[in-house]
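Let's take a friendly walk through a protein chain, starting with the overall picture and then visiting a few places along the way. Keep the structure in view as you read.

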Amino acid sequence: MAAPAESNRTQQLKRSLSMRDLIVYGLIFMGPLAPMGIYGDVVQASHGMIVLTYIVSCVVMLFTAYSYFHMSKEFPSAGSAYAYIQHGLNPHIGFLAGWMILLDYMLIPALNVLIAASWLHAWMPSIPNFVWLLLFVIINTAINIRGVKLAMMVSWIVFLAEFAFFLLFGVLAVIYVIQGKASFSMDPVYQPHEFSPSLIASGMSIAVLSFLGFDGISTLAEETKSKRSIVGMATVWSLIIVSVMYIAFVYLGAIVHPNYNTFPNLDVAFYYILNQVGGPWMQTIVIVLKFFSAICCGMAAQAAISRLLFSMGRDRVLPKVLSKLHKKYQTPVPAILLVACVSVVIGYIMSIGNLSRLVNFGAVTTFIVLNITVIIYFFIRKRTGKWWQHLIMPLLGFAILLYVWINFDKMTFYLGVTWFVIGLMILLINVFILKKSGKDLKID
């Protein structure tokens, strides 16, 4: 399982994206309104200190985004963390990291559409969740097969609409306070009698989900038109922009509805907050936005995981069929279709809460290894001498993520470790059985 050289890769994706496209892709993947979908779970887990939870999550993700910045310049590959760890640390560890991030990427498309389906079902109870789920997956798959440029065009439109809604909610929330129906408070930021590091870590174990997507930008490295550094720059800038929006969004939500224990349904908690500040018409607007944002978020997630599967198939650590490209559109169709099938099945059998924690487990595990890789590759092997960039920042990211990791609930650990063991078995079969017999892991 030696890391394949970039020059030997004859299967290449079509280069058509600018830095602006990448930033918007990252914003859409993360979703400017993403905190709405998990607001109820995060605010309860953090005992109302949801703003502090998002601030700490933002800082941790920025440390990791900076690691992505350095690695994306060094290894401009569609494989994202899988490729970075494979080349920068060890091919075997790279495969396991890629396998763990698969848990993140494979489940995110299902989670995105499942969240949107729950909101739409609350609006139109006569239509089952599964019908919405199936509709979203079909639309996302069709757009992704046509190519990433079409996906970007759709993403731009939806992003502008979501940003306008973000501003509208902000204005209405401030008016709500001015009318004396609520008051500005520091409780969403810090409550001395409630605060504990483990409490915030518990909230972060869910809140991190909102930020997942900045790393997906790196999966488009082979589809950018310009120099290597734009992938890393787009990663950092998209995270900074969306973090500011998240923090403002959850703060306003928390002051409008300070009693976090009174939501009738945690899955659509923010739905009730919108009704408070704007009434039913505000709920109708967000439902329409949820429909289109679910398409865009799911589309972006499906594009990211299909590129990772494409990269791993091309390297023969997963079936080779995943690396096949459409003759006209130059998109990895088998990988896209596989993600679509998994999204339908997972969305049908799992709940939003369990799915979000499992997604985060895969992402946080990979981010931990990536930060270690930056330290070993740049500071130890290359001896760059850049203490802040290549040692302190990734070390801080590693330490905080590790603390979040150990605060995952037991069920998440059981499922996550099971997934890891499956990946380890595939690795051992590939290294000690298939390689010895002169074969590799491929299905033509």
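A residue is called buried when its relative accessible area is under 20%, exposed when that value is over 50%, and partly exposed in between. With that in hand, look at helix H2, where Pro35, Met36, Gly37, Ile38, Tyr39, Gly40, Asp41, Val42, Val43 and Ala45 are buried. Because 10 of the 11 residues of H2 are buried, this helix is largely enclosed by the rest of the structure. Please keep in mind that this is a predicted model.

**The whole chain**

How many helices and strands does the chain have? There are 15 helices and 0 strands. The chain has 444 residues, and 59% of them count as buried. Its accessible surface is about 17100 Å², and carbon and sulfur atoms account for 69% of that area. Now consider the contacts between residues with a separation of 6 or more: 84% of them join residues 24 or more positions apart.

**The nonpolar core**

In soluble globular proteins, nonpolar side chains tend to be buried together. In this model, the largest nonpolar core has 146 residues, and Tyr39 and Phe169 are those with the most contacts inside it. Helix H5, residues 91–123, gives the most to this core, with 20 residues. Tyr39 is one of the buried residues of H2 that you have already seen. What does Phe169 touch, apart from its neighbours within four places in sequence? Phe169 is in contact with Phe249, Leu252, Gly253, Phe270, Ile273, Leu274, Val277 and Met282.

**Empty spaces inside**

Rolling a probe the size of a water molecule over the atoms shows where empty space is left. A search of the whole structure turns up 3 cavities of 30 Å³ or more. The largest cavity has a volume of about 290 Å³. It is lined by 21 residues, and those closest to its centre are Met30, Ala34, Asn112, Ile115 and Cys297. Which helix gives the largest share of this lining? That is H5, with 5 residues. Helices H1 (19–30), H2 (35–45), H5, H8 (197–211) and H11 (280–314) each supply at least two lining residues. So H5 turns up twice in our tour, since this helix also gives the most to the largest nonpolar core.

**Two turns of the backbone**

Most residues other than glycine have a negative phi, and most peptide bonds are trans. His47, however, has a positive phi near 55°. His47 follows H2 and sits in the loop between H2 and H3. Arg383 also has a positive phi, about 50°, although it is not a glycine. You can find Arg383 in the loop between helix H13 (352–381) and helix H14 (387–405).

Another loop residue to find is Gln191, between helix H7 (148–178) and H8. Not counting residues up to four places away in sequence, Gln191 touches His47, Gly48 and Met49.

**Buried or exposed?**

Here are five residues from this report with their relative accessible areas.

| Residue | Relative accessible area | Class |
|---|---|---|
| Ala335 | 0% | buried |
| Gln191 | 10% | buried |
| Val56 | 26% | partly exposed |
| His47 | 30% | partly exposed |
| Arg383 | 72% | exposed |

**Two residues and their partners**

Val56 is part of helix H3, residues 50–74. Leaving aside neighbours within four places in sequence, Val56 is in contact with Ile200 and Met204. Val56 and Ile200 are 144 residues apart along the chain, yet their C-alpha atoms are separated by 8.4 Å.

Ala335 belongs to helix H12. Beyond its neighbours within four places in sequence, Ala335 is in contact with Ser306, Leu309, Phe310 and Leu322. The C-alpha atoms of Ala335 and Ser306 are 4.9 Å apart, while the two residues are 29 residues apart in sequence.

How does the length of H12 compare with what you would expect? H12 has 17 residues, 333–349, so at 1.5 Å a residue it should span 24 Å. Its end C-alpha atoms are 25 Å apart, which agrees. Within H12, Ala335 has buried company, including Val333, Ile336, Val339 and Ala340.

Note on methods
Residues numbered from 1 in each chain as written. Predicted model: local features only at pLDDT ≥ 70, side-chain atom pairs only at ≥ 80, totals over all residues. Heavy atoms only, no water. Helix = DSSP H or I, 4+ residues; strand = E, 2+ residues; numbered from the N terminus. Expected span 1.5 Å × (residues − 1). Buried < 20%, exposed > 50% of the residue type's maximum accessible area, 1.4 Å probe, protein only. Core = buried A, V, L, I, M, F, W, Y, C linked by side-chain atoms within 4.5 Å. Contact = heavy atoms within 4.5 Å. Areas by Shrake-Rupley, 256 points an atom, 1.4 Å probe, with all protein chains shown as cover. 1 Å grid on protein atoms, 1.4 Å probe; cavity = no way out; pocket = protein on both sides within 12 Å on 5 of 7 lines; lining within 4 Å. Points joined across faces, edges and corners; volume = space filled by probe spheres on them.
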